[in-house]
Amino acid sequence: IRCWSNIPFITVPLSRTHGKSFAHRSELKHAKRIVVKLGSAVVTRGDECGLALGRLASIVEQVSMLQNQGREMMIVTSGAVAFGKQRLRHEILLSQSVRQALHSGQSQLKDMAIPVLEARACAAAGQSGLMALYEAMFTQYSICAAQILVTNLDFHDEQKRRNLNGTLHELLRMNIVPIINTNDAVVPPPEPNSDLQGVNVISVKDNDSLAARLAVEMKTDLLIVLSDVEGLFDSPPGSDDAKLIDIFYPGDQQSVTFGTKSRVGMGGMEAKVKAALWALQGGTSVVIANGTHPKISGHVITDIVEGKKVGTFFSEVKPAGPTVEQQAEMARAGGRTLAALQPEQRAEIIYRLADLLTDQREEILLANKKDLQEAENKGRLALPLLKRLSLSTSKLNSLAIGLRQIAASSRDSVGRVIRRTRIAKDLDLEQVTVPIGVLLVIFESRPDCLPQVSALAIASGNGLLLKGGKEAAHSNQILHHLTQEALSVHGVRDAVQLVNTREEVEDLCRLDKLIDLIIPRGSSQLVRNIQKAAKGIPVMGHSEGICHVYVDTDASVEKVTRIIRDSKCEYPAACNALETLLIHRDLLRTPLFDQIIDMLRVEQVKIHAGPKFASYLTFSPSEVKSLRTEYGDLECCIEVVDSVQEAIEHIHKYGSSHTDVIITENEKTAEFFLQHVDSACVFWNASTRFSDGYRFGLGAEVGISTSRIHARGPVGIEGLLTTKWLLRGDNHVVSDFSEHGSMKYLHESLPLPQRNAS
């Protein structure tokens with residue numbers, strides 16, 4: 001921790017030998033020396049007369065935060081001309097008499113501004129004010145800033161170049177942020193585009209080229225170029241087929257069509273790309289991003305440094321495989337082909353995958369053994385996660401059985417008619433089931449999830465992107481290979497894709513134009529993070545599995561301990577394991593209560609007392625910190641309630657709408673509980689662990705949803721389908737159904753076609 005002016009800030013250890021640019025975005029967090037170039041469109045207001053003060057303040061805050069982490073920040077800024085134009089216009093208006101102003105009219109004043117406000121004069125008038133503004137803003141963060149004005153000659157004159165280099169190094173050594181700009185008050189008009197002929201030649205004729213030249217001169221790790229577009233597109237932004245390029249490689253210029261330059265400033269995107277490639281050749285990484293968007297400008301610089309997928313990243317290292325965007329497009333195309341197959345063909349693919357799981361058992365277990373050994377050597381995984389990571393012969397056999405169930409039940413899932421209506425004579429409407437589109441399933445430490453989810457996606461005709469945890473990399477790799485082998489039976493290998501790139505989960509959650517549904521499989525923290533990060537993509541899942549078992553006064557002694565033991569101890573890490581045990585007050589200090597406590601002690605379950613339960617005890621277990629706790633281990637909370645109604649109220653207040661159970665022999669009480677508990681799964685005299693797609697006969701599940709929209713509870717094939725409407729007519733138009741039209745609406749329900757019994 002370092003302190004200046006009593007303001008503490010954290011310094012991060014940063015050291016890097018300059019020479020080669022970073023190969024991946026994730027490495028940008030190691031950047032120590034950073035140049036931030038602010039384009040004219042970023043710094044100026046929309047009317048080009050004055051500065052965007054709020055945006056500028058946000059940028060200064062981000063630069064200050066990075067500077068206070070121990071990084072060396074430099075800013076190449078535009079804005080002097082715009083600021084000067086504002087000041088000079090104000091001076092001109094003030095210098096005129098009121099009579100002249102009234103006589104000439106506002107429109108003539110605007111016309112007069114064109115010949116009077118020459119750019120060099122505006123720059124001369126605006127430079128001092130711009131710098132004063134930067135100084136005032138940086139002072140708020142106890143940071144000193146210094147102004148440096150340069151021209152092209154300063155880089156071509158060896159002595160001046162050495163002087164500039166020495167000045168910048170000295171400023172950085174003293175923890176001062178240099179604010180650099182071209183000296184537009186004396187700079188000559190731009191020359192024809194004859195520079196960028198080689199690594200050592202670049203003319204400083206705009207702030208893009210200045211930033212690139214400066215970045216290479218100062219051996220900078222990262223150059224961030226902020227403009228008014230999201231980054232580099234393969235065609236002019238705004239055109240129909242324009243796509244943002246995530247990573248740009250030298251030699252890709254032929255695939256890009258450049259549009260016009262920015263509304264203000266000297267250079268357009270083509271100039272930025274040339275400058276970026278020149279800097280990249282000099283060993284500096286480059287990101288071009290949007291610095292004007294109100295939703296991201298407040299954290300765009302820090303997001304880039306953290307390695308998040310923002311703007312276009314320039315890299316010299318081309319990955320061996322496709323990008324995640326390309327994988328998503330391949331999955332969508334493959335999914336559409338998959339959906340067009342006959343049901344028997346989709347079932348055949350799943351049967352083939354089930355056979356491969358047993359035929360290739362040895363190879364799968366060998367790969368899984370590598371994952372387990374690496375996890376144990378690193379010591380990063382807790383015992384419950386290691387159990388999830390582990391595969392066995394029995395697990396693979398169960399998987400194969402589940403996949404065959406999916407294949408058998410999938411024969412009429414896609415294209416099934418669920419409603420038929422005769423709108424009018426010869427005008428029939430059908431509602432049919434169709435795939436959702438492209439699914440993104442993110443799972444932790446559970447390689448068995450991969451074939452389960454793949455089979456459900458195949459059965460429902462969806463394209464699939466899989467993102468597994470790195471702790472299961474070897475297992476996931478072979479299971480995905482077997483899945484693609486099975487898909488190849490009918491030529492749809494690309495329908496299921498495994499994301500192996502360094503993509504962060506948060507970045508995947510932003511691909512709203514490529515992904516239709518996200519399904520997280522893992523810890524409650526993972527689910528919460530994904531729900532928070534998802535931008536415009538629905539998330540199916542549950543953030544917590546706080547499951548309750550309520551023991552009623554009429555409970556059977558034989559059933560109580562069996563159900564509680566199975567619910568809590570059979571697999572305590574599961575999301576459908578018991579977390580809170582509710583006991584009717586009349587059962588306290590009874591033999592049944594003693595049996596429950598003895599059983600939990602024998603099973604080594606740590607007990608936490610709820611507030612009411614603790615009040616009945618002289619020496620109670622540790623009182624629970626929160627009644628909304630998912631332990632995920634051999635721990636549970638015990639609380640006392642006075643009635644079934646109070647049990648229901650407790651569940652609604654502290655539960656997660658996952659799975660809740662009543663143990664009682666009173667049918668009336670049980671039915672009241674079943675009807676009034678508002679959870680995805682509500683059971684009577686059965687373990688919470690039955691809340692599972694395989695146990696429900698769904699073959700497998702992609703997860704358990706506590707959402708109230710679309711699918712709820714264990715989600716199988718049906719939860720991965722949506723519907724579309726098919727209308728078949730014969731020259732029908734709406735005007736025929738008007739008051740004086742010739743046709744009338746019938747709206748008759750028609751019988752559904754018989755479902756395939758097989």
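What follows is a short dialogue on reading a helix, a sheet and the nonpolar cores of a predicted model.

Mentor: Local features in this predicted model need pLDDT of at least 70, side-chain atom pairs count only at pLDDT 80 or more, and totals for chains, interfaces and linings use all residues. Residues are numbered from 1 along each chain as its sequence is written, and side-chain values use heavy atoms, with hydrogens and water left out.

Trainee: How many residues of helix H8 are buried?

Mentor: Buried means under 20% relative accessible area, with a 1.4 Å probe and protein chains only. Helices are DSSP runs of H or I, at least four residues, and strands are runs of E, at least two, numbered from the N terminus. In H8 (residues 207–217), 10 of the 11 residues are buried, so this helix is largely enclosed by the rest of the structure. Among them are Leu210, Arg213 and Glu217. Lysine 219, with a positive phi near 50°, follows H8.

Trainee: Which strand order does the open sheet have?

Mentor: Strands of a sheet pair through backbone hydrogen bonds, either parallel or antiparallel. Two strands count as paired if DSSP finds at least two bridges between them. Here the four strands run in the order E25-E12-E11-E26, with antiparallel pairing. E25 (721–728) and E26 (748–749) are at the edges with a single partner each, so one side of each lacks a neighbour in the sheet. E11 and E12 are joined by six bridges, and threonine 421 sits opposite leucine 429 in E12.

Trainee: Which helix gives the most to the largest nonpolar core?

Mentor: A nonpolar core is a set of buried Ala, Val, Leu, Ile, Met, Phe, Trp, Tyr and Cys residues joined through side-chain atoms within 4.5 Å. The largest has 51 residues, and Ile349 is one of those touching the most other members. Helix H16 (residues 449–460) gives the most to this core, with eight residues.

How values were computed. Buried means under 20% relative accessible area, exposed over 50%, partly exposed in between (1.4 Å probe, protein chains only).
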